[in-house]
Amino acid sequence: MKTNIIAFQGEPGANSDTACRNMYPDMEPLPCATFEDAFNAVETGKAALAMIPIENTIAGRVADIHHLLPESRLHIVAEYFLPIHFDLMVLPGVKIEEIKTVHSHIHALGQCRKIIRKHRWNTAVAGDTAGAARVVRDEGNRTWAALAPRLASTLYGLDIVVENVEDADHNVTRFVVLSKEKSWAPRQDDRLMMTTFVFRVHNIPAALYKAMGGFATNGVNMTKLESYQLGGKFFSTQFYADIEGHPDDKNAAQALKELNFFSREVRILGVYDAHPFRVAQGEDE
């Protein structure tokens, strides 16, 4: 890699920052104001990689990414799963009894309703969770608290008064790691691998049904299939899909061949090793 920088969307201390540090501890995280800025950092060579959230077990898909990714021509080279935890953090020395208002991203506030209702705190929406922690530090108001990842407390010098205050213990975000260079992970053994692609079927009856048939008949597990409109038009639909397997696998190759036959466009976005979290989750089912 020409640079040792990995870009993410958000402020320092955000969950995406934590994901970068966990997966690539030797790389320097680069905070970006928007997803477009993070993509651009990789496209222009300012960053070697980007850590981008693509879906969450509670909030669902990150809709912007499904539009940005195919248009960017960047490639998925890895995935990462991060269990999401929120800590209640305050200025040094503040007691929980002093808190009157809690700041955080709107999704975080919604995922920590129980503790907010229990204490009857007011809420204030911030741009992101780490930004909420920064605001609490900068404003110096002892009645303010933030709901943010643990990393934010370290970066902004805040005390954690309650750990893991989220309502659900199954809150997990899946990230994809993007690179400007196409780099398919090689098929070397029987380890679980993932292939991600987008496609558009011909505008004929049962085209999607026929395009999907090859995955069923060839025993290929499709873990995700989503559709979204292109250009604001109801009749122009693109599909995003994840499958278990490698394009060099005989069954996956045959399924992709059938998909191409019934589609007007197919583009593979990435071939990469499945993250251990996915493997462990599959073993528990």
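A strand here is a DSSP run of E, at least two residues long; a helix is a run of H or I, at least four long, and both are numbered from the N terminus. With that in hand, let's work through a few exercises on this predicted model.

**Exercise 1. Get an overview of the protein: give its helices and strands, its span and its buried share.**

Start with the elements: the protein has 10 helices and 15 strands. Next, take the span; the C-alpha trace runs about 65 × 40 × 40 Å along its principal axes. Then check burial: 50% of the 285 residues count as buried. Finally, look at the contacts with a separation of 6 or more, where residues 24 or more positions apart account for 74%.

**Exercise 2. Place His-75 in its element, decide whether it is buried or exposed, and list what it touches.**

Step one is the element: His-75 sits in strand β5. Step two is the accessible area. Buried means under 20% relative accessible area; His-75 has 17%, so it is buried. Step three is the contact list. Leaving out residues up to four places away in sequence, His-75 touches Val-177, Leu-178, Ser-179, Lys-180, Glu-181, Lys-182 and Leu-269.

While you're there, look at one of those partners. Lys-182 lies over the face of Trp-184, 4.5 Å from the ring centre.

**Exercise 3. Walk along α3 into the loop that follows, and find which residue has a positive phi.**

Begin inside the helix: Ile-65, His-66, Leu-68, Leu-69, Pro-70 and Ser-72 of α3 are buried. Now step just past the end of α3, where Arg-73 takes a positive phi of about 70°. Arg-73 belongs to the loop between α3 (63–72) and β5 (75–83).

For a second example, go to the loop between β10 (159–162) and β11, where you'll find Asn-164. Asn-164 isn't a glycine either, yet its phi is positive, at about 45°. Its relative accessibility is 42%, so Asn-164 counts as partly exposed.

**Exercise 4. Pick apart the largest nonpolar core: which residues touch the most other members, and which strand gives the most?**

A bit of background first: in soluble globular proteins, nonpolar side chains tend to be buried together. Now the members. The largest core holds 41 residues, and Tyr-24, Met-51, Leu-88, Val-102, Ala-133 and Leu-147 touch the most other members. As for elements, strand β9 (residues 144–148) gives the most, with 4 residues.

Zoom in on Tyr-24: beyond residues up to four places away in sequence, Tyr-24 touches Ile-6, Leu-49, Met-51, Ala-78 and Val-177. Don't stop at one core, though. A second, separate core has 27 residues, including Ala-7, Leu-69, Leu-74 and Val-176.

**Exercise 5. Sort two of the aromatic pairs by geometry.**

The tools are simple: a pair of aromatic rings is described by the distance of the centres and the angle of the planes. The structure holds 5 such pairs.

Take Phe-197 and Phe-215 to begin with. Their ring centres are 5.9 Å apart and their planes are at 10°, so this pair is stacked. Phe-197 is in strand β12 (residues 193–201) and Phe-215 in helix α8 (residues 207–217), so the pair ties together parts 18 residues apart in sequence. Both Phe-197 and Phe-215 are buried.

Now try Phe-261 and Phe-262. With 5.0 Å centre to centre and 90° between the planes, this pair is edge-to-face. Phe-261 has 62% relative accessibility, so Phe-261 counts as exposed.

To round off, group the rings: Phe-197, Phe-199, Phe-215 and Phe-239 form one aromatic cluster.

**Exercise 6. Describe the largest pocket by its volume and its lining.**

Volume goes first, at about 610 Å³. Then count the lining: 24 residues, with Asn-15, Pro-53, His-105, His-107 and Thr-173 nearest the centre. Last, trace the elements. Those giving two or more residues to the lining are α1 (15–23), β3 (49–56), β4 (60–61), α4 (106–110) and β11 (172–179).

**Exercise 7. Follow Arg-21 to its partners in space.**

Locate Arg-21 in helix α1. At 37% relative accessibility, Arg-21 counts as partly exposed. Skip the neighbours within four places in sequence, and the contacts of Arg-21 are Pro-29, Leu-151 and Leu-155. Compare sequence with space for one of them: Arg-21 and Leu-151 are 130 residues apart in sequence, but 10.0 Å apart C-alpha to C-alpha.

Definitions and conventions. Residues numbered from 1 in each chain as written. Predicted model: local features only at pLDDT ≥ 70, side-chain atom pairs only at ≥ 80, totals over all residues. Heavy atoms only, no water. Core = buried A, V, L, I, M, F, W, Y, C linked by side-chain atoms within 4.5 Å. Buried < 20%, exposed > 50% of the residue type's maximum accessible area, 1.4 Å probe, protein only. Contact = heavy atoms within 4.5 Å. Phe/Tyr/Trp six-rings, centres within 6.5 Å; stacked < 30°, edge-to-face > 60°. Lys NZ or Arg CZ within 6 Å of the ring centre and 35° of its normal. 1 Å grid on protein atoms, 1.4 Å probe; cavity = no way out; pocket = protein on both sides within 12 Å on 5 of 7 lines; lining within 4 Å. Points joined across faces, edges and corners; volume = space filled by probe spheres on them.
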